[in-house]
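These are my notebook entries on a single structure, written in the order in which I looked things up. I begin with empty space inside the fold and then turn to contacts, backbone angles and surface.

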Amino acid sequence: MVGCLSYAHLLLDDLFPAIAALDIFNIDVAHAHAAYYGCVQYTFDSGRITTTYDGITPLADACHANFKKYSKLVFGREATNMAFLEGQSQCFKQVIMGHGGSLNNRFVLKERGITLRKGRDLIIQNLNMTNNIPPSGLSVMVLTKPPTWPTLCADIETMVHTQLHLDEIPVLCVNPGDFALEDELELIQSATLLVAVHGTVSLLSLFARDGAILIAIGEEKETFKDGQTLLYATHIQTYFTTVERMDSLPSLIRYGLFLAASNFEIPFSSSAEHNIL
């Protein structure tokens, strides 16, 4: 499936719902084993794939490798019982009732935030990042998506340093495609305020520390489907705005920095405090 080539779909449609299922049935993660069954006769749009894919490796093999990698990140060991169904119709007859996407859309609404936090914590633990030093200063981390908005980082930097006069606040530009997943998550763990284009890239914010702020930017016509996940997260605070309302973004960034400073107990210099409050 296309989802197996995208970290966000793989985690949120399959592995995180598996965590929720374990909680429902009171099964300890340490005693769980992930099994993967995928369909191989799906086509895909390479422009939407956010996990590295060379376009040459058979799709089934790429899915197999990704699921092994990400299941190890979540559960501490690779998935077992790897198998692939031969036809799309067979997939829908045998798998759809148990597919993670069904659980993802409904799973334990009031406990969804707990599942998202638990998934983050399991991955951070399995990557040995639990002892990372918390951020000691404010910054604006921009998660870029060059084909969608090539000037996003420069636009945000202008807002922070020129419009808000917050010269002491660094603006960090991160293109997730330039980093391995482990390096991406280490960067996200250092974030206090994140700004991201609506879509898969914004879901990286789920791996931020408790108290981080996310500003996601989309278009009026979009339904903010990722917001259905992000707004359930309790360890981060998410705010949405649109490209049609860009004139309000500097004020939202200022408010986000104020919230992040409060959440992380980071003091301001007098000049920054004057501009934030």
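Cavities. I searched the whole structure, which is a predicted model, and found one cavity of 30 Å³ or more. I noted a volume of about 50 Å³ for this largest cavity. Which residues line the largest cavity? I listed Tyr-7, Ala-8, Leu-11, Leu-12 and Phe-16, together with Leu-203, Leu-206 and Phe-207. Sorting the lining by class, I counted eight nonpolar residues, no polar ones and no charged ones.

Salt bridges. I then looked for pairs of opposite charge and recorded five salt bridges in the structure. I followed up the one in which the side chains of Lys-118 and Asp-23 meet, with 2.8 Å from N to O, which lies inside the 4 Å limit for such a pair. This pair links distant parts of the chain, as Lys-118 belongs to helix H5 (residues 112–126) and Asp-23 to helix H1, 95 residues apart.

Surface next to this. I moved along to Ile-24, which is also found in helix H1, a helix that covers residues 7–24. Ile-24 forms a nonpolar patch on the surface with Phe-25 and Ile-27, and I noted about 320 Å² of accessible area for the three together.

Aromatic pairs. How many aromatic pairs does a search of the whole structure find? I found one. Tyr-239 and Tyr-255 form this pair, with 5.9 Å from centre to centre and 80 degrees between the planes, and I entered the geometry as edge-to-face because planes over 60 degrees apart are counted that way. The pair links distant parts of the chain, with Tyr-239 in strand S7 (residues 236–242) and Tyr-255 in helix H9 (residues 249–264), 16 residues apart.

Backbone angles. I checked for positive phi values with a simple expectation in mind, namely that most residues other than glycine have a negative phi. His-165 has a phi near 60 degrees, a positive value, and I located this residue in the loop between helix H6 (152–163) and strand S4 (171–174). Glu-265 likewise has a positive phi, near 55 degrees, and is found in the loop between H9 and helix H10 (270–276).

Methods. Residues numbered from 1 in each chain as written. Predicted model: local features only at pLDDT ≥ 70, side-chain atom pairs only at ≥ 80, totals over all residues. Heavy atoms only, no water. Patch = residues over 30% accessible without salt bridge, like charges linked within 9 Å, V, L, I, M, F, W, Y side chains within 5 Å. Areas by Shrake-Rupley, 256 points an atom, 1.4 Å probe, with all protein chains shown as cover. Helix = DSSP H or I, 4+ residues; strand = E, 2+ residues; numbered from the N terminus. 1 Å grid on protein atoms, 1.4 Å probe; cavity = no way out; pocket = protein on both sides within 12 Å on 5 of 7 lines; lining within 4 Å. Points joined across faces, edges and corners; volume = space filled by probe spheres on them. Nonpolar A, V, L, I, M, F, W, Y, C, P; charged D, E, K, R; others polar. Phe/Tyr/Trp six-rings, centres within 6.5 Å; stacked < 30°, edge-to-face > 60°.
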